[in-house]
Amino acid sequence: MSSPTLTPADAADTAAAPSAGSSLLRKLAATPETGVVLACVLAFIVFSLEAPTYYSAVNLQVMGRDLAQFGVLAIGESFVILTGGIDLSVAGLAGLAGVLAGWFNVNEGLPAPVAILFTLLVCAAVGLWHGTMVNKLNVPPFVITLVTFTVAKGLALSITSGTPITGMSNLFGDLSLYYVGPVPIPALIFVVVAVLAWFVLERTYVGRQIYAVGGNAEAARLAGIPTKRRITATYVVSSTLAGLVGILIVGRLGVADPSVSTNGYELVAIAAAVVGGVSLFGGEGRILGIAAGAILLEFINNGLLALNVSPYYQTVAQGIVLGVAILADRIRATYFGGGRR
Amino acid sequence: MTVEPTLEKSATALDRAVIARLRGVHKTYGPVRVLDLPELDLYAGQVVGVVGENGAGKSTLMGTLAGSVRRDGGEIEIDGHALVPGSTAESGRLGVALVSQEFPLVGQLSVAENLSLGQRPADSRRRVLVDRGAQRRAAEAMLTAIGLDPATISVRRVVRELPVPARQLIEIAKGWGRDPKLLILDEPTSSLGPIEARLVLDLARRAASDGRAVLFIGHRLDEVREIADRVLVLRNGRLVADLTPEEATEDRLIREMVGDEVAHSEPKTAPTGAAPLMEISGLTADGLGPVDLTVRKGEILGIAGLMGSGRSRLIHTIAGAQPATGGSMTMSGKPYAPKNAEQGVNAGIAMIPEDRKLQSLVLFAPIRANVTVSVLRRISRRGVLGPRRIRREAVAITDNVKVRMQSVDQSVGSLSGGNQQRAIFGRAFAAEPRLLLLDEPTRGVDVGSKAQIYELIDRAAESGTAVVAASSELEELLWICHRIAVMHRGRVAAVIERADATKENIMTAAATGVAQARSETNGNPT
């Protein structure tokens, strides 16, 4: 990597620029998100042909609710990955957030909105902690978030002594089970979060600076970007969104049950981001792709269920999708440019 | 260009065995031919000193022999065996050992483990497991062999806990322990105190009297003159002089190193009556200072000095990218004490660091994202900004510095080195800095682009921006600067007005830390 500084990048100046008259097709081929969006469409068509129940309103609503979980986690996770970090705590933290919300609400008797607010604040503080550790003590993100993951899981169990918290305010259930028109509220939340994330990343200077930090942290620092604040912000976003997901899960179940496993959710979130074109090196990836990545994984999971495929094979399928996505991305980057490392 | 220098061979050389035979060896990085040696023989039993300015090709020559640099062409024979290009293993097998300045030691391992890295101790009694006893004995023997008392450096110590001089000595022991036919020492004394340096110099002599060939890359001319049987001078990748110790006087070496071509520039005179922008007094930082310096508005102040003299550190400390440990700075009379680069930028400083790829650009990202990094905040409205705004700004920035490209949407990595550098200048200009800091502003760009970059630097100064430019190329500094501060071991050894500056007096100050008489009066500009 550290080629001698004498070596200039003497590639032809025009190498990666699409020629003026390039076709739409070529442009699409050079866009990283094309593949995953196409795959979404394809998966939907194939499953719909195989299982007519797949595109029924009821099933679409189920998928919408699932998406709120995986999709929102994936978006939060992507913020961190964009800076070149990783957040393994999201699933554990989501589990803890659900229990915390229930505990605030039932045991402490706080009104539901206050309980939700407190829970989100706790989660945001956890993100702040991650960012501080990563920035000040240079703790690898992998390690510090793994610590949180473990502690959060244990805390969720010890707060409740293993018994679910019941009798929570209706608001929780309403959040997860109500509809606006035919659309379940969680699906709407996913859309709102995605749009907000898109706006922050694409339309604010802070967002553009996050990309710069992820692309080349040293260059960003020397250019006067407050790299540490930007990195911390991404951990706060990730943790807060994990908290939101935890609250939605509790609402869906009606109880705050620490034994309901959110195991492996963080890996699904990371997979969705990677499938959607986010580079684990940082600095690359867009919300469109991330959302599409989450949608694709949900389409496939649900589709296999609709086809009565054993759950064991679902995991295999997820792995294969991830593998294919990575391969396809490398092929695109190698043969169509786009400058991916 | 390719005038063959007349080489005077020392008489004794001819009847000795040739250890290394180089024929037509050359190496090019991008547009720059960094090494071009039609013919060079190294003989057994000789210490050959190699001197030259930064970038003269010394490191490339060593790397080519040691296999860490793949030569573009030409033949090398080591003791009669042809050397495959670009293989350190092959070079090692044929008997070339390079003691590098970079200490490729594994910090987490012990001295003993480092010394036997990749080999099994000769008297190891175990087949699979590590025989730590044998490893330690072997390591102690290797340290003793170079004249070190193993009691001073315990072979059980972990390498990263050792001070730099100790690591240098271990590195030397490692090279020595391979029983090389050709021992290459790359500025081996630069990190050593006088006692250890003496040890290393004696070692080089001993290696020669054992019948080995020694290539001694030196930065202290007195050392080279003392131990070398023959002194080679490299300039711009070519061998320009092959001298006997008697011929190799300090004056002669400096003259050969810098060349006698007259600087082809009109000496610039500093803008008259320009007010000082930045006053630096007693500034210290890790490996720097104390430094006192004044930078005036509209002036181009050059920073010269050898590798490791603190040029980059000074630039980074002024920018706030490296913390200052003492002293003070003022900008336009106001105290300026940046805690980080962000505060430097906010105070109106723009820095263009040395390494484009590592320190300036996100290579895979589009030009538009790269050039607008410095102005994102300013061009946003309450933090919000659209893609059209970014594009418009990017087009304006790149037009301003005439970046040759298809569109601002292509990746910045697809531009040539010169165009990348211009884009970075554009980005710096866009921030409208009061002080522009440059570190090796034309590294890795071709000759044509250099001239264009010099124009950009002039333009910045003419608009009233103060420019501080650190460079290892003396021609460059003579070409662009109004004044030149010469650094030596972290301090400013001399400040020379352009009218008084010559390659010789800059080089002398850089090498010895002592300014020549006529420039001394300028050492403290008031």
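**A tour of chain A, starting at helix H2**

Select Gly35(A), Val36(A), Ala39(A), Cys40(A) and Phe47(A): these are the buried residues of H2(A). Buried means 20 or more other C-beta atoms within 10 Å of the residue's own, exposed 12 or fewer, partly exposed in between, with C-beta atoms placed from the backbone. Looking down the axis of H2(A), the buried residues fall within an arc of 140°, so they line one face of the helix; the arc is that of the directions from the helix axis to the C-beta atoms.

The model is predicted: local features need pLDDT of at least 70 and side-chain atom pairs 80 or more, while totals for chains, interfaces and linings use all residues. Residues are numbered from 1 along each chain as its sequence is written, and chains are lettered from A and ligands numbered from 1 in the order in which they are written.

Next, select Val41(A), Leu42(A), Ile45(A) and Leu49(A), the exposed residues on the face of H2(A) turned away from its buried side.

Zoom out to all of chain A, with 14 helices and 2 strands (DSSP runs numbered from the N terminus: helices H or I, at least four residues; strands E, at least two). Of its 341 residues, 50% count as buried. The C-alpha trace spans about 70 × 55 × 35 Å along its principal axes.

Colour by pLDDT, the predictor's confidence in each residue, from 0 to 100. The mean for chain A is 86, and 91% of its residues reach 70 or more. Among the elements, helix H1 (residues 24–30) has the lowest mean, 75, and helix H5 (residues 112–136) the highest, 96.
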